[in-house]
Amino acid sequence: MENGAHTPVTLPQDLFICIDHVGLAVPDLDEAIRFHTEVFGWRLLHRETNEEQGVEEAMIGTGSQLPESAQIQLLAPLREDSAIGKFLTKNGPGMQQLCYRVADLEHVSAVLRERGVRLLYPESKTGTGGARINFVHPKDAGGVLLELTEPPAAAAH
């Protein structure tokens, strides 16, 4: 390097935008919503039933719009044999997953697979509010279930 010139370093594009939400497994969704809204002052942003995932869920937040809103996803099982039902049976209520927001789920999934990371589903599934989702296997993420979410282009949670 002559005259103090530096060669620019090319860094890979970030895979993740931000932490989207933290998922909490709860046995009673109505009670969990009441507790978080009345005691902590969070606001109910969205509520839906996802039959495919076997869960009734609510997104609560500190604001009404992404990305300004910090969010928590409350997850209650529709069936004991659902992932959340099994989680509650094994662990009781508590943090079930951490979710990273991505711009392009297919790209991120391909990069992670190239790097030896296992995803739970071969293809993305439909999550909250029509988002595309997949999960990193906890054994490949230090024991933490990591969700990847690509929110729909026209809407947020």
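These are my notebook entries on a predicted model of a protein chain.

**Entry 1. Overall make-up**

I began with the secondary structure of the protein chain, which comes to three helices and eight strands. Reading from the N terminus on, I noted the element order β-α-β-β-β-α-β-α-β-β-β. I then looked up burial: of the 157 residues of the protein chain, 42% count as buried. The protein chain exposes about 9,200 Å², and carbon and sulfur atoms supply 54% of that area. I also looked up contacts between residues at least 6 apart in sequence; 53% of these join residues at least 24 apart.

**Entry 2. The sheet**

In what order do the strands of the open sheet lie? I traced eight strands in the order β2-β3-β4-β1-β5-β8-β7-β6, and the pairing is mixed. The edge strands are β2 and β6, the latter covering 125–126, and each of them pairs on one side only. As background, I recorded that strands of a sheet pair through backbone hydrogen bonds, either parallel or antiparallel.

I then examined one pair in detail. Strand β7 covers residues 132–136 and strand β8 covers residues 146–150; the two run antiparallel and are joined by five bridges. Which residue in β8 is the bridge partner of N134? I found L148 in that position.

**Entry 3. Cysteines**

How many disulfides does a search of the whole structure find? The search returned zero. I next asked why C18 forms no such bond. The sulfur of C18 lies 8.9 Å from the closest cysteine sulfur, which belongs to C99. A disulfide requires the two sulfur atoms to be within 2.5 Å, so the separation of 8.9 Å is too far for a bond. Looking from the other side, I noted that C99 is likewise in no disulfide, its nearest cysteine sulfur being that of C18.

Are C18 and C99 buried or exposed? For C18 I read a relative accessibility of 28%, so this residue counts as partly exposed. C99 has a relative accessible area of 0% and is therefore buried. The cut-off I applied for buried is under 20% relative accessible area.

**Entry 4. A nonpolar surface patch**

Which residues make the nonpolar surface patch of about 280 Å²? I listed F35, V39 and F40. I then located V39 within the chain: V39 lies in the loop between α1, which spans 29–38, and β2, which spans 43–50. The strand that follows this loop, β2, is one of the edge strands of the sheet recorded in Entry 2.

Conventions
Residues numbered from 1 in each chain as written. Predicted model: local features only at pLDDT ≥ 70, side-chain atom pairs only at ≥ 80, totals over all residues. Heavy atoms only, no water. Buried < 20%, exposed > 50% of the residue type's maximum accessible area, 1.4 Å probe, protein only. Patch = residues over 30% accessible without salt bridge, like charges linked within 9 Å, V, L, I, M, F, W, Y side chains within 5 Å. Areas by Shrake-Rupley, 256 points an atom, 1.4 Å probe, with all protein chains shown as cover. Salt bridge = Lys/Arg side-chain N within 4 Å of Asp/Glu carboxyl O. Helix = DSSP H or I, 4+ residues; strand = E, 2+ residues; numbered from the N terminus. Pairing = 2+ DSSP bridges. Contact = heavy atoms within 4.5 Å.
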